[in-house]
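The exercises below ask the reader to work through one structure step by step, with a worked solution after each task.

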Amino acid sequence: MAVSGRGSGGCPLSRRASLGLNWSQVGDAGTVSEVISYAWRDPFTDDEMVDLVRSHGGNAVAGWWSKIQQHSLGWVTARDGDGLLLGFVNVAWDGGDHAFLIDTKTRGSHQHRGIGTAVVRLAANRARAAGCEWLHVDFEPELRSFYFDACGFRPTDAGLIHLPSTNGC
Ligand SMILES: CC(C)(COP(=O)(O)OP(=O)(O)OC[C@H]1O[C@@H](n2cnc3c(N)ncnc32)[C@H](O)[C@@H]1OP(=O)(O)O)[C@@H](O)C(=O)NCCC(=O)NCCS
């Protein structure tokens, strides 16, 4: 199901994305028209993902999405009026109470317009609707403001092992 500018639970999305406003393109006639559509489990292609990752300077791996999609509870896409993929986030799942937010991405040309916050909010709403109690995320320190302030996560103790760097106990 696609929604334009509002989260699945009827919660208003934050800031500019909540209004479905155009903030970047004004046509020759001075019209303002772009609306961002957010959707849960909306299909997209590997080529679209490669294009999205390259747009923000990431290291795109062809076939990545086809490989991991089967392990996802669901994912959120953001598209412009022409269907161009602008944003994405994936939600992995333990099959019970715990969901894991991963691979949040916004097209390089469209960052700082509320799209990342909006895809995370819709992902949280859908994980809640699926019966999950906890939504986890980890990130580089420079993204604390995005996840804590914009998206509403709170700090917690967590642990991490880079398995290829270790050879077991
Ligand atoms: C992180 C990312 C998804 C944010 O998407 P976005 O659509 O620009 O996010 P929003 O517009 O909703 O940002 C809301 C607020 O979060 C904070 N924020 C967003 N991106 C940030 C960044 N890269 N660094 C620090 N703070 C950031 C800012 O306070 C921002 O408000 P502002 O626009 O008024 O400055 C985007 O920068 C991205 O795709 N980065 C490359 C991929 C990546 O690193 N993903 C994270 C994986 S954990």
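**Exercise 1. Determine which residues Val119 touches, and place these contacts in the core.**

Solution. Begin with the contacts themselves, where two residues are in contact if their C-beta atoms, placed from the backbone, lie within 7 Å. When neighbours within four places in sequence are set aside, Val119 is in contact with Tyr38, Val76, Ala78, Gly87, Phe88, Val89 and Thr104. Before going further, note that the model is predicted, that local features need pLDDT of at least 70 and side-chain atom pairs count only at pLDDT 80 or more, whereas totals for chains, interfaces and linings use all residues. Residue numbers run from 1 along each chain as its sequence is written.

Next, consider the core, for which two definitions are needed. A residue is buried if 20 or more other C-beta atoms lie within 10 Å of its own, exposed if 12 or fewer, and partly exposed in between, with C-beta atoms placed from the backbone. A nonpolar core is a set of buried Ala, Val, Leu, Ile, Met, Phe, Trp, Tyr and Cys residues joined through C-beta atoms within 7 Å. The largest nonpolar core has 28 residues, and those with the most contacts inside it are Val76, Val89, Val119 and Ala123. Elements E2, H2, E3, E4, E5 and H4 each supply at least two residues of this core, and its largest share, eight residues, comes from H4. The helices (H or I, at least four residues) and strands (E, at least two) named here are DSSP runs, numbered from the N terminus.

**Exercise 2. Trace how the strands E2 to E6 are paired.**

Solution. Two strands pair if DSSP finds at least two bridges between them. Start with strand E2 (residues 37–40), which pairs with E3 in the antiparallel sense over four bridges; here Trp40 stands opposite Val76 in E3. Strand E3 itself (residues 72–79) is mostly covered, since six of its eight residues are buried.

Continue to E3 and E4, which pair in the antiparallel sense over seven bridges, with Leu85 in E4 as the bridge partner of Arg79. Their hairpin has five residues between the strands, and within this hairpin Gly83 takes a positive phi near 90°.

The following step joins E4 to E5, again in the antiparallel sense, over six bridges, and Asn90 has Ile102 in E5 as its bridge partner. This hairpin has four residues between its strands, and Gly95 in the turn has a positive phi of about 85°. Finally, E5 and strand E6 (residues 134–136) run parallel and are joined by three bridges, with His98 standing opposite Trp134 in E6.

**Exercise 3. Establish which residues of H2 are buried and what they pack against.**

Solution. In helix H2 (residues 46–55), the residues Met49, Leu52 and Val53 are buried. They cover an arc of only 95° around the axis, taking the directions from the helix axis to the C-beta atoms, and therefore lie on the same side of H2. The buried residues of H2 pack against helix H3 (64–68), strand E4 (85–93) and E5. Just after H2, Gly57 takes a positive phi of about 85°.

**Exercise 4. Is Ala127 buried or exposed, and how does Asp80 compare by the C-beta count?**

Solution. Ala127 has its place in helix H4, and it counts as buried because 21 C-beta neighbours lie inside 10 Å. Apart from neighbours within four places in sequence, Ala127 is in contact with Leu73, Val91, Ala99, Cys132 and Leu135.

Asp80, by contrast, lies in the loop between E3 and E4, and it counts as partly exposed because its C-beta neighbours inside 10 Å number 19. The C-alpha atoms of Asp80 and Val35 are separated by 6.1 Å, although these residues are 45 residues apart along the chain.

**Exercise 5. Describe the shell around the ligand.**

Solution. The ligand is surrounded by 18 residues, a residue being near if its C-beta atom, placed from the backbone, lies within 6 Å. The closest are Thr106, Gln111, His112, Gly116 and Thr117. Strand E5 (98–106), helix H4 (115–129) and helix H5 (144–150) each supply at least two residues of the shell. By class, the shell divides into five nonpolar, ten polar and three charged residues, where Ala, Val, Leu, Ile, Met, Phe, Trp, Tyr, Cys and Pro count as nonpolar, Asp, Glu, Lys and Arg as charged, and the others, Gly among them, as polar.
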